[in-house]
Every structure is written in C-alpha cells, then in structure tokens.
Amino acid sequence: VSSSARTEKIAAQQALVNQMRANLQSVQVAYENLTLTAPFDGVVTKVHTEVGQIVSVSAPAVSIISQGQYELTVSISEVDIAEISPGDTAQVRFDAYDDEFFTAHVERISPNAQLIDGVRVFEVTLVFDDTDEKIRDGLSADIDITTAVKENVVAVQTRSIYEDAVSYTHLRAH
C-alpha cells in the first residue's frame, strides 16, 4: 500500500470519527433538552402535554406553583405607571382575610403595555416580603402601592375635601 493511499485512508477515518463525535454531541444536546427544569421548587398543578406529544417552544408543558414565595401580578394603567418603580412597597389585603395586611414590593414592571378593555395597562409583579401559609394561588386582593413618602406635612384625606358652590373670584389675600 502506498504512503499516499494510507494517508488518505487515515484522513477518511479521522473525518468519520469527527462526524461521529458531532452526532454524539447533537444527541446529547437533544437528550438534555428533553428534561424540563423549574426555576424554583414547587408542586406541579397541571400537565398540559402527553407522553410523545410534540409541542412548540412557546406552549406550556406543565404549570408549577411555588411552595412559599408567591408573586402577585397586577395591571396598572398607563396614567399611574409613571409613579411606580421597582422596590416600591405595597400593602396587600386579601378578600379572604378582611383585616390582615401582607407586605410586598415591586419586583418587575413590564416594558410594554397591553390593551385590556380599551385601557392600556402595564403588568407589574409584586413579591411578598415574607412567606405565609395563608397566601394561596388565586386569591383576590386589594393592593396599595406606596410610591412616595413625605414627612412633616399636613395631610387631608381626599374624601374630607368638598367643593362649595361659593365663587372664589372674590377671595383675596389681605
């Protein structure tokens, strides 16, 4: 066997080995993509797919619920969104627990608006500061987000202010 024929056989075999390595890497990546890994510990509440089913990348495969660190997602109108910033604190009162308040803070604000019932709103995500077994998925809540705090000022509740029918054009400072 000539030296050049032998070199060609070695090169062909090396190309075959390289092709097999590439195939192995491709299969390993495909296998790794078969495993779903949740970003947090929790409980699977619903399976949206069946074994062997082909699903699109954007379709949910399962729904998972956290076992402690819940988030609230609220829609804030475009009129009010300018006042809200990540880190703002919130008081949350669930309808199920009338006089009990839970503290949370603004974690994220969606960069784009959605149109809901003719109103442009931004999705704001609140994270509870403490875990509490009373907090459950699906509860309705009233939320007050504190956007600014002013100290040493006179405060009058809006419901205490009323307008009189008296004309203010004649009032002057003396």
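Leaving out neighbours within four places in sequence, valine 124 makes contact (heavy atoms within 4.5 Å) with Leu72, Thr73, Val74, Ile76, Ile81, Val106, Arg108 and Ile109. This is a predicted model, where local features need pLDDT of at least 70, side-chain atom pairs count only at pLDDT 80 or more, and totals for chains, interfaces and linings use all residues. Residues are numbered from 1 along each chain as its sequence is written, and side-chain values use heavy atoms, with hydrogens and water left out.

**The core**
- Val124 also appears with Val92, Leu126 and Phe128 as the residues touching the most other members of the 18-residue largest nonpolar core.
- Such a core is a set of buried (under 20% relative accessible area, 1.4 Å probe, protein chains only) Ala, Val, Leu, Ile, Met, Phe, Trp, Tyr and Cys residues joined through side-chain atoms within 4.5 Å.
- At least two core residues come from each of strand 3 (71-77), strand 4 (89-94), strand 5 (102-109) and strand 7 (119-128); strands are DSSP runs of E, at least two residues, numbered from the N terminus.
- Strand 7 contributes the most, four residues.

**Strand 3 and its partner**
- On strand 3, Leu72, Val74 and Ile76 form the covered face, while Glu71, Thr73, Ser75 and Ser77 form the uncovered one.
- Strand 3 runs antiparallel to strand 7, and seven bridges join them; pairing takes at least two DSSP bridges.
- Thr73 sits opposite Thr125 of strand 7.

**Lining of the largest pocket**
- Strand 2 (62-66) and strand 3 each give at least two residues to this lining, with strand 2 providing the largest share, three residues.

Definitions and conventions:
Buried means under 20% relative accessible area, exposed over 50%, partly exposed in between (1.4 Å probe, protein chains only).
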